[in-house]
Amino acid sequence: MKQIFNLFDFKQKVDYKTEVLAGLTVAMTMIPESLSFAILAGFPPLMGLYASIIMCLVTAIFGGRPGMISGGAGATVIVLIALMQSNGLEYVLAAVALAGVIQIIIGVFKLGKFIRLVPHPVMFGFVNGLAIIIFMSQLDQFKTVVNGDIVWLTGTSLYVMAGLVALTIAVVVFLPKLTKAVPSSLVAIIIVFLLVYFLGIDTKIVEDIASVSGGFPPFHIPNIPLTWETFELIAPYSMIMAAVGLTEGLLTLNLVDEITETKGSGNRECIAQGGANILNGFFFGMGGCPMIAQTLVNLSAGSRARLSGIIAAFTILGIVLFGAPIIEQVPMAALVGVMIMVAIGTFEWASLKIFNKVPKKDIFLVIIVALITVILHNLALAVLVGVILSALFFAWESAKRIRARKSIDENGVKHYEIYGPLFFGSTTNFAEKFDVVNDPKEIIIDFKDSRIADMSAIEALNQVTQRYSKVGKKVHLRHLSKDCRRLLNNADGIIEVNILEDPTYKVATDTF
């Protein structure tokens, strides 16, 4: 039972006071962000809070590691904006549930380890693009509807909105220099709220967008036709949402591992995220994933156990049940200011400092991934393109590194000692290393410092051996691993393989 729930590690001392205070702090920082992202996507604001309750509670109990906080995050919500605009809320809920199923499948089959394939420049671009999207989305709050048309605020309304946003940002920036006992974003929201309330300032509030009054998350089966056409419609959104959620989640998990010097389980986190998103789809949540900012807030508050996440979830639920009238009076300017600071904090400013210190291909990756993220709002596609480009860059560099050392022994046999991997990118350079016409009757190709990697490499070997065979010369291959020999079965009769000297390669595998 302990292995399933694992609320506490009884081998370590848990500071319950610290965990409770950390949970309360996390809840207060999560509420404005969840509300803002729900409003941004055109969802009822309450969906953001429901998502935070469900994600936070389920992943705190069943997730891959203590200390990590999940909620209604913008990274996954942005993926669903287009579906919301084209087909409505019911299809969004179905897509969220399907994304959860996909995430569970990924966790069950232990595919979370593939997050290792995401290079650092790709993550820089991903995070920077996300930060830009968050910032640009806040500009919509500086617009209003006049005679059915959306126009920019002007005059007093604009000045009031801008002034309150600036005040929020100032509090968030300068309060931590005085004290870190309370979250600066929470204090900023309270100050702006009190200022607007007692001075009677006329400005946009949460209630102008939608009501957040509610009870427990209600059970609701998405009202959509159960047809193949529906599946084709929502599946792309679900796959993208699942990929984005797991990408951000597993990267956050790695970050927490580094900070706490402990080890989490990526596959268990995939399953927990999937379960939470399935519940979101049936309980009016907008879906979500681990939140980097809230996780860092949690860790900086001293939390190292699962209790803080549970406290945060129940705190948000309590506010929904009993504190909605207060939340509805919160000025949108305060939420905009908080989200602008979230965007600024999310942006990897360090990436700007390395532009003249890293290879140009890495700079290109950062820029192209950020542009795809910003222009297409498709975070999974941006990461996928970045990974593919990184792989191609690596293949090109590796292809240039294959070389051959040549020598002739006392028996007149010519040796080709190959260095570097033989794969699709290096086959041309490999073939150019051999002098078929002038070589002796017998040659040995030694792969002690090389490896046959794919079918293109096999074909290259076959072509080389056939060229020698046509002129009556024989080729021997040495120092091939077992997997390489299996690939060369189709070359039997032409190639002689030295088995006795073959090394054994061990490949690291991920554990559940």
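**Figure 1. Helix α2 and the lining of the largest cavity.** Helix α2 contributes the most to the lining of the largest cavity, supplying three residues. This helix spans residues 16-41, and α7 (120-138) and α16 (332-346) likewise each provide at least two residues of that lining. The model shown here and in the other views is predicted.

**Figure 2. Residues around the largest cavity.** The space enclosed in the largest cavity amounts to about 50 Å³. Its lining is made up of Ser36, Ile39, Leu40, Ser137, Gln138, Gln141, Met332 and Val336. By character, these lining residues divide into four nonpolar and four polar, with no charged residue. Leucine and isoleucine count as nonpolar, whereas serine and glutamine count as polar. The structure holds two cavities of 30 Å³ or more, and the other one appears in the next view.

**Figure 3. The second largest cavity and its lining.** About 30 Å³ of space lies within the second largest cavity. The residues that line this cavity are Ala60, Arg65, Pro66, Gly67, Met68, Ile69, Asn298, Ala305, Arg306, Ser308 and Gly309. This lining comprises five nonpolar, four polar and two charged residues. Arginine counts as charged, and glycine is placed among the polar residues.

**Figure 4. Two buried cysteines, Cys270 and Cys289.** Cysteine 270 has a relative accessible area of 0% and is therefore buried. Cysteine 289 is also buried, because its relative accessible area is 0%. The cut-off for a buried residue is a relative accessible area under 20%. The count of disulfides in the model comes to zero; a disulfide would require a pair of cysteine sulfur atoms within 2.5 Å.

**Figure 5. Confidence along the chain.** The protein chain has an average pLDDT of 82, and 90% of the residues score at least 70. Confidence is highest in helix α6 (residues 89-108), with a mean of 95, and lowest in helix α1 (residues 2-5), with a mean of 43. Over residues 1-8 the pLDDT lies below 50, and this stretch has 21 contacts in the model beyond near neighbours in sequence. Residues 493-512 also have a pLDDT below 50, and that stretch makes 40 contacts beyond near neighbours in sequence.

Terms used:
Residues numbered from 1 in each chain as written. Predicted model: local features only at pLDDT ≥ 70, side-chain atom pairs only at ≥ 80, totals over all residues. Heavy atoms only, no water. 1 Å grid on protein atoms, 1.4 Å probe; cavity = no way out; pocket = protein on both sides within 12 Å on 5 of 7 lines; lining within 4 Å. Points joined across faces, edges and corners; volume = space filled by probe spheres on them. Helix = DSSP H or I, 4+ residues; strand = E, 2+ residues; numbered from the N terminus. pLDDT = per-residue confidence, 0-100. Contact = heavy atoms within 4.5 Å. Buried < 20%, exposed > 50% of the residue type's maximum accessible area, 1.4 Å probe, protein only.
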